[in-house]
Amino acid sequence: MPSFSDFYGLSSSIDSLLDAFSTHTPPHALLIVGNEGVGKCTLAKLLCQAVLCKALHAPCNKCGPCLRVLTGQNRNLIHVSPSGASIRIDAIRDMLDILGLYSIENSDRTVLIENADRMTPQAQNALLKSLEEPSPGTYFVLTAERRTALLPTILSRAALYYLPPWPNDKLLQTLLAGDAQSNEAQAAIKGAGGSIGKAMALLNNPEIARLHQLSDQAVQVLLSNGDPVSLSQEMRNERENAQLLFTLIEEKLPKQANLKQLGSALEKVARARELMQSNVSWQSAIDTILFSLLEDISLG
Ligand SMILES: [Zn+2]
């Protein structure tokens with residue numbers, strides 16, 4: 001998981017948000033909007049941890065409240081997330097009931113509403129009053145992919161922060177700080193599309209080595225050195241890794257192809273990408289790469 005400081009440098013507004021929480025001057029309600037996997041919920045949890053942390057510069061990861069957040073046992077962090085497709089009014093009422101109780105160890109309280117855009121309109125209305133008139137020491141952190149799914153009344157009461165996709169150099173830095181091997185980290189980033197969550201999932205995925213091997217084989221086929229038929233078979237079930245495979249192939253080609261081969265090989269990969277986007281089957285798309293050389297040869 002990325003740490004609090006890992007989120008610095010993504011944008012100036014996120015920097016100022018981190019500063020505000022780090023120095024115990026957070027807004028009462030905020031909404032973090034961003035694409036899937038950019039770390040919205042991780043950031044939201046870290047912000048809640050900073051609110052509850054007893055240290056001057058939060059979060060310290062050492063004090064009692066921090067340790068309880070890290071082990072998922074801090075009852076002053078109330079985490080609401082969708083059950084099934086939505087967050088229903090009952091979940092919001094339960095959360096408000098807990099807020100109505102005395103706080104534990106006289107602390108501030110934090111409410112993390114993950115995927116708040118999946119609150120039903122009734123749930124949003126039930127939440128509204130607490131956002132309008134927050135009790136002292138209660139802080140709301142909401143995350144959402146689609147801001148427009150939230151009622152204007154909710155939006156008008158929460159400070160809005162956009163969490164952007166992560167640049168590759170920052171992804172790399174974060175993965176390496178977490179003890180990843182450089183080549184594994186590089187491969188994970190290529191398939192991540194700016195998502196720290198996806199990069200970490202790919203990094204911890206033993207399949208990465210296999211995808212490297214498959215992309216190496218594809219490069220050989222593209223350079224007329226490999227066996228397209230057996231590779232086509234092996235690729236059959238790799239549809240969900242398509243983008244990562246294409247990217248790996250594109251990265252590897254220039255290192256192995258001569259100039260004459262490179263242009264036409266890259267064109268084939270680009271063509272396969274286009275085919276995928278127009279909903280052509282994965283097998284046809286990958287065969288476009290693997291077999292077009294045979295066509296070239298047989299036609300020529
Ligand atoms: Zn702490």
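User: Which protein atoms are the donors of the zinc ion, and how far from it do they lie?

Analyst: In this predicted model, the zinc ion has its protein donors in four cysteine sulfurs, namely the SG atoms of Cys53, Cys60, Cys63 and Cys66. Along the chain these donors follow the spacing C-x6-C-x2-C-x2-C. The distance at which they lie from the zinc ion is 2.3 Å.

User: What is the arrangement of the 4 donor atoms around the zinc ion?

Analyst: Four donors count as tetrahedral if all angles lie between 85 and 135 degrees. The angles that the 4 donor atoms subtend around the zinc ion run from 104 to 119°, and therefore the arrangement is tetrahedral.

User: Is Cys60 buried, partly exposed or exposed?

Analyst: The cut-off for buried is under 20% relative accessible area. Cys53, at 4% relative accessibility, counts as buried, and Cys66, at 0%, is buried as well. Cys60 has a relative accessible area of 22%, so this residue is partly exposed.

User: How many disulfides does a search of the whole structure find?

Analyst: A disulfide calls for a pair of cysteine sulfur atoms within 2.5 Å. When the whole structure is searched on that basis, the number of disulfides found is 0.

User: Which elements do the buried residues of α5 pack against?

Analyst: Helix α5 covers residues 121–132 and, with 12 residues, reaches 16 Å from its first C-alpha to its last, close to the 16 Å expected at 1.5 Å a residue. Its buried residues are Ala123, Gln124, Leu127, Leu128, Ser130 and Leu131. An α-helix has 3.6 residues a turn, so residues three or four places apart point the same way. The elements that the buried residues of α5 pack against are β1 (29–33), α4 (89–100), β3 (109–113), β4 (138–144) and α6 (152–155).

User: Which residue forms a salt bridge with Glu133, and are the two buried or exposed?

Analyst: The structure holds 7 salt bridges, and one of them has its closest N and O atoms 3.4 Å apart, with Glu133 as the acidic member. Both residues of this pair are exposed, and the residue that Glu133 pairs with is Lys129.

User: How many residues apart in sequence are the parts that the pair of Glu132 and Arg157 ties together?

Analyst: The side chains of Glu132 and Arg157 meet in a salt bridge, at 3.0 Å from N to O. Because Glu132 lies in helix α5 and Arg157 in the loop between α6 and β5 (159–162), the pair ties together parts that are 25 residues apart in sequence. Glu132 counts as partly exposed at 38% relative accessibility, and Arg157 is partly exposed too, with a relative accessible area of 30%. The separation asked for is 25 residues.

User: Which helices are tied together by the pair of Glu250 and Arg273?

Analyst: Glu250 forms a salt bridge with Arg273, and their closest N and O atoms are 2.9 Å apart. Since Glu250 lies in one helix and Arg273 in another, the pair ties together parts that are 23 residues apart in sequence, namely helix α12 (residues 242–256) and helix α13 (residues 259–277).

User: Leaving aside neighbours within four places in sequence, which residues is Thr247 in contact with?

Analyst: Thr247 is found in helix α12 and counts as buried at 16% relative accessibility. Arg273, which is partly exposed with a relative accessible area of 21%, is one of its contacts. With neighbours within four places in sequence left aside, the residues in contact with Thr247 are Lys190 and Arg273.

Key: Residues are numbered from 1 along each chain as its sequence is written. This is a predicted model: local features need pLDDT of at least 70, side-chain atom pairs count only at pLDDT 80 or more; totals for chains, interfaces and linings use all residues. Side-chain values use heavy atoms; hydrogens and water are left out. Helices (H or I, at least four residues) and strands (E, at least two) are DSSP runs, numbered from the N terminus. The expected span of a helix is 1.5 Å times one less than its number of residues. Buried means under 20% relative accessible area, exposed over 50%, partly exposed in between (1.4 Å probe, protein chains only). Contact means heavy atoms within 4.5 Å. Donors are N, O and S atoms within 2.8 Å of the metal (3.2 Å for Na, K and Ca); water is not among the atoms, so sites may look incomplete. Four donors count as tetrahedral if all angles lie between 85 and 135 degrees; four count as square planar and six as octahedral if opposite donors are over 155 degrees apart and all others between 65 and 115; anything else is irregular. A salt bridge is a side-chain nitrogen of Lys or Arg within 4 Å of a carboxyl oxygen of Asp or Glu.
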